[in-house]
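Read this account with the coordinates open. Each stop names the residues to select.

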Amino acid sequence: PDSNLRTAKRRPALVIQAVNEYALRAAREDEIRQRVIQITKQFGEEIQAIRAGASQLLVALGELDEVQKRDTKECGATFAKLKARFESYVRIGAADDAGNVFCSSGPIIEPSVAETEFFKRSITGDGLAVGNFFTDPNTGEKMMHFAERFYGANGKVAGVVFAGLDLKWLAEHLKERGLTSSQSILIADRLGNIIARLPNGDALVGKNMRKSHEEIMDGNT
């Protein structure tokens, strides 16, 4: 009887200990979850800042005389100078309302952008349009396009100005944003193509994450 009494007295302590361990684990999980949310918001704000800068640049480019006049030579020279000052962009260009490229900061690698996601989105609505992951077939440079439509003197849509964000620059720009050695972050376009992964993302950029992250990408998880 005395032995049974001592055992009975010990049991509540074991239960309390188990509950405390569970509470500590749950608190730790919540702390990690909140940290993850904080990190993703931080990187989201960085991307928004990049978008805002691109929009301001493109709106200004659409007002240039050489763009309005579709002066390929003068426009190309101006865009080349601007690209040299903005290391974040692989290329800067302009196309008419049918998608025919008439201006580029470098050699025109494609005569038309009519079938690209960024052109289709920008030509049909005001505001910044964002394209999908793109690899230059000639140089192998990886980029993502921003675009804004511009208007002619008659007030009608005259075309689209666009800029290709250098994904190598993006990775360098984001890597100093406070990730610890145990953390990583992955950024993808709307199709699931990876545009940045920190750290050590070179091998993953351009690969598609949708199959393994479908629930997350669709907002279900």
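What follows moves from the covalent cross-link to the charged pairs, then to a hairpin and a short stretch of helix. Keep in mind that this is a predicted model.

Start with the cysteines. The structure holds one disulfide. Its partners are C75 and C103, with their sulfur atoms 2.0 Å apart. That fits the cut-off, since a disulfide is a pair of cysteine sulfur atoms within 2.5 Å. The torsion about the S-S bond is -95°, which makes the link of C75 and C103 left-handed. What does the link join? C75 sits in helix α3, residues 72–85, and C103 sits in strand β2, residues 101–104, so the bond ties together parts that are 28 residues apart in sequence. Is C75 buried or exposed? C75 is buried, at a relative accessible area of 0%. C103 is buried too, with its relative accessibility at 0%.

Now turn to charge. Side chains of opposite charge can pair when their charged atoms come close. A search of the whole structure finds six salt bridges. Three examples follow.

Take D30 and R33 to begin with. Their side chains meet in a salt bridge, at 3.9 Å from N to O. The cut-off for such a contact is 4 Å, so this pair still counts at 3.9 Å. Both residues belong to helix α1, residues 2–62. D30 and R33 are three residues apart there, so about one helical turn separates them. D30 is partly exposed, at 38% relative accessibility. R33 is also partly exposed, with a relative accessible area of 47%.

Next, select E115 and K120. These two form a salt bridge, and their closest N and O atoms are 3.6 Å apart. K120 is partly exposed, at a relative accessible area of 40%. E115 is exposed, because its relative accessible area is 66% and the threshold for exposed is over 50%.

The third example is R149 with D126. The closest N and O atoms of this salt bridge are 2.8 Å apart. R149 lies in strand β4, residues 142–151, while D126 lies in the loop between α4 (117–123) and β3 (129–135), so the contact ties together parts that are 23 residues apart in sequence. D126 is exposed, with a relative accessible area of 56%.

Move on to strand β6, residues 185–188. Which of its side chains are buried? I185 and I187 point to one face and are buried. L186 and A188 point to the other face and are not buried. The side chains therefore alternate along the strand. Strand β6 pairs with strand β7, residues 194–198, in the antiparallel sense over four bridges. One pairing to check is I185, whose bridge partner in β7 is L198. The two strands form a hairpin with five residues between them. In the turn, G192 has a positive phi of about 100°.

Finish at helix α5, residues 167–174. Its buried residues are L167, L170 and L174. Seen down the axis of α5, the buried residues fall within an arc of 45°, so they line one face of the helix. Then look at the start of α5. There, a side-chain oxygen of D166 comes to within 3.0 Å of the backbone nitrogen of K168.

Note on methods: Residues numbered from 1 in each chain as written. Predicted model: local features only at pLDDT ≥ 70, side-chain atom pairs only at ≥ 80, totals over all residues. Heavy atoms only, no water. Buried < 20%, exposed > 50% of the residue type's maximum accessible area, 1.4 Å probe, protein only. Pairing = 2+ DSSP bridges. Arc of directions from axis to C-beta. Polar contact = N/O pair within 3.5 Å; in protein donor to acceptor, adjacent residues only side chain to side chain.
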